Amino acid sequence: MEGGALLSDEFKTFAQDKVMYLNITTKIEGRKHDNMLGDKGGRGFPYLCAMSSKGDVIAKLSGSRDTAGFTKMMGSADDYVALEKKAASGDAVAKIDFALLRAVLGMLSLEQLTAELGDTQLSPAQTKKLAALKTDLIFDEAVNRLGAEGRSPESRKALLDLSLKLYNAGTHPTGSRERRYWSGILNYAKENQNAQMAMDVVRVFEPMVAGNARGEEWLAGIKAEIAGWSEEPEEPEEEPEEEVDEDSSIEESCE
Amino acid sequence: MNRLSNKALALALVLGWAGTASAQSMEEKLEAKLAKPFAKNLAWETDYDAALLRAKEEGKTIFAYFTRSYAP
């Protein structure tokens, strides 16, 4: 990216109406803001996001690491700013949407969101969004517990139990959680040779790995494995009964 | 006792030197990062507080890029 997208002329044009902030983690002791990545929701390098003038992360990169992806991310940031203004002006619908958006971005916990919404009547679309959001936040909590508890057997079991509960209810976590969630379901399906469950995972991963040779190869291997489960188990060959030639045995006995 | 003190002093000097050398090395890596063409391609704001202030004053959103200098 540093040798390509960030050097392009279109990136220079893109940068003109934005504040371009570069944070370099150096591990130099005492350096101000040297360890900001985690505070801003980053889990690894490189990390790109859009921030407000208050320092809130108002959009994260979900597309490609090029000017097209950056433009999409900054478009989401502009949507955030517009919604914030609308909510501040007293628009009731915008207030709810803004609360939901802040929860999506991790600014509000599920508890805070519930408190903020109170008894507000939600539209069908908002109800649907809230349900999906709750699933995501509950899953995030289980994942965070897993990390905090050093992947203890209890926290791993809790995450698996939750994943299976969500799977059976047909409410699946979205966004960046998808890979972890579906990988957990796949592992369970493989352990239990549950072909239907495993095929559900395959259908989710298929578009994700499309065009990626290694990913496609991996998925083909999974499919072959699943096909192996559904084959009828081979019946053990029965030992043929020994044919006894009664005449010869009589002959032998007479010899 | 005296010999032990000398050894401790020598060890402290070595560790101190190693610490300084390591810090310098990190500084150099930061300089090398900032000298890369992408960093010079446009006027990046590297001061967080200054970036927030500019965003507020100019009514702009911030495009933030997080990278590191201590590893490739």
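In the predicted model, Pro46(A) is placed in the loop that runs between strand S1 (19-25) and strand S2 (47-51) of chain A. The peptide bond that leads into this residue from Phe45(A) is cis, and its omega lies near -10°.

Two further loop positions of chain A carry backbone angles of note. Arg151(A), situated in the loop between helix H5 (124-148) and helix H6 (153-169), adopts a positive phi of about 55° although the residue is not a glycine. Arg151(A) counts as exposed because 11 C-beta neighbours lie inside 10 Å, where the cut-off for an exposed residue is 12 or fewer. Gln193(A), which belongs to the loop between helix H7 (178-191) and helix H8 (195-209) of chain A, likewise is a residue other than glycine with a positive phi, in this case near 45°. With 13 other C-beta atoms within 10 Å, Gln193(A) is partly exposed, since that class begins above the limit of 12 and ends below the 20 needed for a buried residue.

As a whole, chain A comprises 10 helices and 3 strands, and from the N terminus on its elements follow the order α-β-β-β-α-α-α-α-α-α-α-α-α. The C-alpha trace of the chain spans about 115 × 50 × 35 Å along its principal axes. The radius of gyration of chain A is 29 Å, whereas a compact globule of 255 residues would have a value near 18 Å. Of the 255 residues of chain A, 17% count as buried, and among the contacts in the chain with a separation of 6 or more, 37% are accounted for by residues 24 or more positions apart.

The contact between the two chains takes 36 residues from chain A and 33 residues from chain B. On the side of chain B that touches chain A, the elements that give two or more residues are helix H1 (2-34), helix H2 (37-41), helix H3 (48-58) and strand S1 (62-68). By character, the residues of this side of chain B divide into 18 nonpolar, 10 charged and 5 polar. Strand pairing also links the chains, in that S1(A) and S1(B) pair in the parallel sense over 7 bridges; within this pairing, Thr25(A) has Arg68(B) in S1(B) as its bridge partner. Strand S1 of chain A thus appears in two settings, as one of the elements that flank the loop of Pro46(A) and as the partner of S1(B).

Terms used
Residues are numbered from 1 along each chain as its sequence is written. Chains are lettered from A and ligands numbered from 1 in the order in which they are written. This is a predicted model: local features need pLDDT of at least 70, side-chain atom pairs count only at pLDDT 80 or more; totals for chains, interfaces and linings use all residues. Helices (H or I, at least four residues) and strands (E, at least two) are DSSP runs, numbered from the N terminus. Two residues are in contact if their C-beta atoms, placed from the backbone, lie within 7 Å. Ala, Val, Leu, Ile, Met, Phe, Trp, Tyr, Cys and Pro count as nonpolar, Asp, Glu, Lys and Arg as charged, and the others, Gly among them, as polar. Two strands pair if DSSP finds at least two bridges between them. The radius of gyration is taken over C-alpha atoms; the globule rule is 2.2 Å times the number of residues to the power 0.38.
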